[in-house]
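Subject: Structure handover

Hi,

Here is the structure for you to load. My notes follow below it.

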Amino acid sequence: MVDEVLLSRRDDSERLKNLSTARTYKMESKGKDRNEIDFFGKFVLCSNNENFPLIIDREEVRYWVRKVNTLKSDDPCYMERLVAQIPAFLHHLMQRQLSVECENRMWFNPERLRTAALGKIVMSNRSKIEFEVAELLIDIIDSTNSDSVSFVIGDLIPLLNYRSVHAEPSEVRRLLQMCWHLKPESNSLSYQKYALGISGVKYQTQAAVGRFYTVTKEFIHTLPLF
């Protein structure tokens with residue numbers, strides 16, 4: 001159990017995830033060879049930071065995040081009362097009947113673990129580039145009264161720069177392919193390119209050819225950003 005956890009490095013999060021499903025662990029004592037032993041562990045991480053206690057990706061299913069309400073009044077004997085309840089709590093754990101069948105390697109179906117508290121952490125883990133690209137695309141869709149927008153990565157860079165957002169093409173490509181799981185067209189095809197407009201028009205279109213991505217309005221609104 002960890003109190004006041006703050007794991008901002010991805011390495012820490014990855015190690016926790018690996019251990020949560022590991023069946024063995026290599027233990028090394030000082031001056032002795034490493035031994036592989038059976039491992040069974042559960043991790044309880046507590047934090048007052050509701051937004052960013054650790055890195056949790058959008059599709060992660062190994063965390064169950066619960067928000068615990070604060071006490072309505074101060075109780076100086078609260079810890080002693082908790083300790084006194086330990087025997088009764090252990091008895092309850094040993095006698096209780098499980099209400100949920102095993103549905104996943106983490107026991108619970110992932111849908112049971114999707115809480116509002118988990119969503120808040122996932123949203124806080126999204127990068128600034130993701131927010132800005134999503135905002136740009138929904139702005140184009142709304143401004144042009146369309147249901148979708150097609151683009152190549154090179155189309156987005158000048159539009160992001162105009163919004164004072166510096167993004168490398170590799171960052172945008174990684175976002176589209178690794179985070180949003182989008183794929184460009186397999187061949188170069190014609191599409192409507194959006195660029196900065198003139199004479200009071202926010203965005204203007206022109207015919208272009210390329211291996212473009214297509215993002216729908218519905219897809220944007222399913223992202224944990226809005």
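In what order do the elements of the chain run from the N terminus on? The order is α-β-β-α-α-α-α-β-α-α-β-β-β-α. That gives 8 helices and 6 strands in the chain. Helices (H or I, at least four residues) and strands (E, at least two) are DSSP runs, numbered from the N terminus.

First, the ground rules. This is a predicted model, in which local features need pLDDT of at least 70 and side-chain atom pairs count only at pLDDT 80 or more, while totals for chains, interfaces and linings use all residues. Residues are numbered from 1 along each chain as its sequence is written, and side-chain values use heavy atoms, with hydrogens and water left out.

Overall shape

The chain is more spread out than a compact globule, because its radius of gyration is 24 Å, well over the 17 Å that the globule rule gives for 226 residues. That radius is taken over C-alpha atoms, and the rule is 2.2 Å times the number of residues to the power 0.38. Along its principal axes, the C-alpha trace spans about 75 × 50 × 35 Å.

Of the 226 residues, 29% are buried. Buried means under 20% relative accessible area, exposed over 50%, and partly exposed in between (1.4 Å probe, protein chains only). The chain exposes about 16200 Å². Carbon and sulfur atoms supply 51% of that area. Areas come from the Shrake-Rupley method with a 1.4 Å probe; for residues, only the protein chains shown count as cover.

Contact means heavy atoms within 4.5 Å. Among contacts between residues at least 6 apart in sequence, 64% join residues at least 24 apart.

Charges: 31 positive and 30 negative side chains, with the centres of the two sets 2 Å apart. Lys and Arg count as positive, Asp and Glu as negative; His and the chain ends are not counted. Each charge is placed at NZ of Lys, CZ of Arg, CG of Asp or CD of Glu.

Helix α5

Helix α5 covers residues 128-143. Its 16 residues should span 22 Å at 1.5 Å a residue, and the end C-alpha atoms are 22 Å apart, which agrees. The expected span is 1.5 Å times one less than the number of residues. The buried residues of α5 include Ile-129, Val-133, Leu-136, Leu-137 and Ile-140. Charged residues are on that list too, among them Glu-130, Glu-132 and Asp-139.

Two buried sites

Ile-153 sits in helix α6 (residues 153-162). Ile-153 is buried, at 8% relative accessible area. Beyond its neighbours within four places in sequence, Ile-153 contacts Pro-169, Val-172, Arg-173, Leu-176 and Tyr-213.

Gly-210 belongs to strand β5 (residues 203-210). Gly-210 is buried as well, at 7%. Its C-alpha lies 4.3 Å from that of Ser-188, 22 residues away along the chain. Not counting residues up to four places away in sequence, Gly-210 touches Val-152, Asn-187, Ser-188, Leu-189 and Tyr-191.

Positive phi

Most residues other than glycine have a negative phi. Which residues here have a positive phi? Asn-145, just after α5, is one, at about 55 degrees. Ser-164 is another, near 65 degrees. Ser-164 lies in the loop between α6 and α7 (169-179) and is exposed, at 69%. His-181 also has a positive phi, near 55 degrees. His-181 is in the loop between α7 and β4 (189-196) and is partly exposed, at 46%.

Best regards
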